[in-house]
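Me: I am in my first year and would like to go through a structure slowly, asking each time how a label is earned. Could you take the reasoning step by step?

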Amino acid sequence: MRDIVIVGAGMAGLHTAESLRAEGFGGTITLIGDETRRPYSRPPLSKELLTGTGSDKSIVLRDDDEFDALALDLRLGRRAVRLRPADRTVELDDGTAVRYDGLVIATGARARRPATDPAGVHVLRTLDDARAVRAAFDTAERVAVVGAGFIGAEVAASARAVGLDVTLIEAAPTPLTRVVDPRVGTVLTDLHRDNGVELRLGTSVEAFEGADRVERVRLSDGSTVEASLVVAGLGAELNTEWLAGSGIRSADGVGGVLCDAYCETSVPGVYAVGDLANWPHPRYGGRIRLEHWTNAGEQAAVVAHNLLAGEGQRQAYTPVPYFWSDQYGMKVQLLGQAAPADTVEFVHGSAEDRKFVAFLGRAGLLTGVLGLRSTPKVMRYRPLLAETTTWEEALAAAGVTPRP
Ligand SMILES: Cc1cc2nc3c(=O)[nH]c(=O)nc-3n(C[C@H](O)[C@H](O)[C@H](O)COP(=O)(O)OP(=O)(O)OC[C@H]3O[C@@H](n4cnc5c(N)ncnc54)[C@H](O)[C@@H]3O)c2cc1C
């Protein structure tokens, strides 16, 4: 293994390079990214970068010295357009080809765009997107946010923080209906309302109207929302097109690049990491894929190890998934996995207090811990999710008597 190529210079790509060096790899690491800047952190883009409370420094993952110490063959502003496993090469958009002994797919995701997007309609994935939304905040009075997932919710909160009128449009009856029990969605709905956001729930966007830029949003319930700025938080699309015809298999269900327990793809010697990797997790009864900042780092360490490991030395990747979101100065945290049909038990605080820790369970097992404004308590339960814990054992650990 002399040449390792990492395609995708985001969080997962950078961490893979770092972990390879930490594992003692002294060969060439080529890091290819189609953005023109070094890997940066995306979470601040919907938070402090929009409110203006954070500088560009808040997105810096590594300072120049740390980055230079990795001694990377860095190819920024270059897009991989094709993978040819038969001759172990990646073709780039400038017509050049890079040979590899080991390859890591870390091309992540992009924001899903609305079917039409006239001037004034934005999405949020990159630093350029965030700067454009931030600049639009300066002149907009009324903002419509489409989609009350985590990014939409954070954009709504940030827009309120700078004093804009905000309407949040969501097709489902409560935010996060597809992710978690409606009781939690209701807490988040109330949080938006308390903070002056107008909510249009259970309705979707029919069209953006306006002369040469968006002026209003027409909804499926026949109503309209006046807005000179629209931010669409419609989820992500995975950057996997360049893998077409390579033999790298995609996963069904939650999608992504199909990997085994070691994060190796269907093509030997090719691994996947970060938002697009889909692998079997024994504690969740099937395959999972995580669009989480923490996962991008943790999975990278395992991928780097496995790339270099000898026969029988590879590690299965079995993390405790972790996600957080900051809205209106409050932290929402999820350890493990959540699904709408989960059993939910508030073990500390309550939905009414807007401060709680809730256990989430499936098939008699603890599968997730969800918290609002309860960071230390949430983290205390992490060890329960690092192994198989029955619902009764989990409740006992929290000092809660199981209901008959
Ligand atoms: C606005 C925002 C806020 C977020 N907030 C949170 C949060 O609060 N908490 C949390 O846990 N997570 C959060 N996340 C999610 C987290 O940032 C992602 O999970 C993480 O960035 C994933 O890293 P990645 O390296 O897998 O993918 P990416 O960050 O998408 O990096 C992939 C890189 O590969 C590049 N690329 C794509 N195709 C090609 C190609 N063909 N050739 C070369 N390069 C290519 C992309 O342009 C990109 O630079 C947030 C994400 C966003 C967008």
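Reply: What follows is a set of questions and answers on this predicted model, each one setting a value against the definition behind a word.

Me: How do you know that the ligand lies between domain 1 and domain 2?

Reply: The chain is divided into domain 1 (3–108 + 239–308), domain 2 (112–232) and domain 3 (329–397). Both domain 1 and domain 2 give residues to the shell around the ligand, so the ligand is said to lie between them. The C-alpha centres of these two domains are 30 Å apart, and their contact takes 14 residues from domain 1 and 15 residues from domain 2.

Me: Which residues and elements make up the shell around the ligand?

Reply: There are 34 residues around the ligand, and those that come nearest are Asp34, Glu35, Arg42, Lys47 and Asp275. At least two residues of the shell are supplied by each of α1 (11–22), β2 (28–33), α5 (150–161), α7 (293–308) and β22 (322–327). Sorted by class, the shell has 15 nonpolar, 9 polar and 10 charged residues.

Me: What makes the approach of Ala12 to the ligand a polar contact?

Reply: A polar contact is a pair of N or O atoms within 3.5 Å. A backbone N or O atom of Ala12 lies 2.8 Å from an oxygen atom of the ligand, and with the cut-off at 3.5 Å the pair therefore qualifies. The backbone of Met11 offers a polar atom 3.2 Å from a ligand oxygen, while for a polar backbone atom of Trp293 the distance to an oxygen atom of the ligand is 3.1 Å. As for cover, the ligand on its own has 1000 Å² of accessible area, of which the protein covers 96%.

Me: Why is Asp275 called buried?

Reply: Buried means under 20% relative accessible area, and because Asp275 has 13% relative accessibility, Asp275 counts as buried. Asp275 is placed in the loop between β19 (270–272) and β20 (277–281). The side chain of Asp275 makes a polar contact of 3.0 Å with the side chain of Arg125. Not counting residues up to four places away in sequence, Asp275 touches several others, including Gly108, Leu238, Arg289 and His292.

Me: Is Tyr322 buried or exposed, and how do you know?

Reply: The relative accessible area of Tyr322 is 15%, so Tyr322 is buried, the cut-off being under 20%. Tyr322 has its place in strand β22, and a polar contact of 2.8 Å joins the side chain of Tyr322 to that of Gln333. Leaving aside neighbours within four places in sequence, the contacts of Tyr322 are His292, Thr294, Gln333, Leu334, Leu335 and Met379. Between Tyr322 and Leu290, which are 32 residues apart in sequence, the C-alpha to C-alpha distance is 9.1 Å.

Me: What makes Leu365 partly exposed?

Reply: Partly exposed is the class in between buried, under 20%, and exposed, over 50%. Leu365 has a relative accessibility of 30%, and therefore counts as partly exposed. Leu365 lies in strand β26, residues 365–372.

Me: Where does the chain bring Leu365 and Thr390 in space?

Reply: Leu365 and Thr390 are 25 residues apart along the chain, yet their C-alpha atoms are separated by 4.2 Å. Thr390 is also one of the residues in contact with Leu365 once neighbours within four places in sequence are left aside, and among the others are Leu360 and Trp391.

How values were computed
Residues numbered from 1 in each chain as written. Predicted model: local features only at pLDDT ≥ 70, side-chain atom pairs only at ≥ 80, totals over all residues. Heavy atoms only, no water. Near = heavy atom within 4 Å. Polar contact = N/O pair within 3.5 Å; in protein donor to acceptor, adjacent residues only side chain to side chain. Areas by Shrake-Rupley, 256 points an atom, 1.4 Å probe, with all protein chains shown as cover. Helix = DSSP H or I, 4+ residues; strand = E, 2+ residues; numbered from the N terminus. Nonpolar A, V, L, I, M, F, W, Y, C, P; charged D, E, K, R; others polar. Domains from an automatic or database assignment. Buried < 20%, exposed > 50% of the residue type's maximum accessible area, 1.4 Å probe, protein only. Contact = heavy atoms within 4.5 Å.
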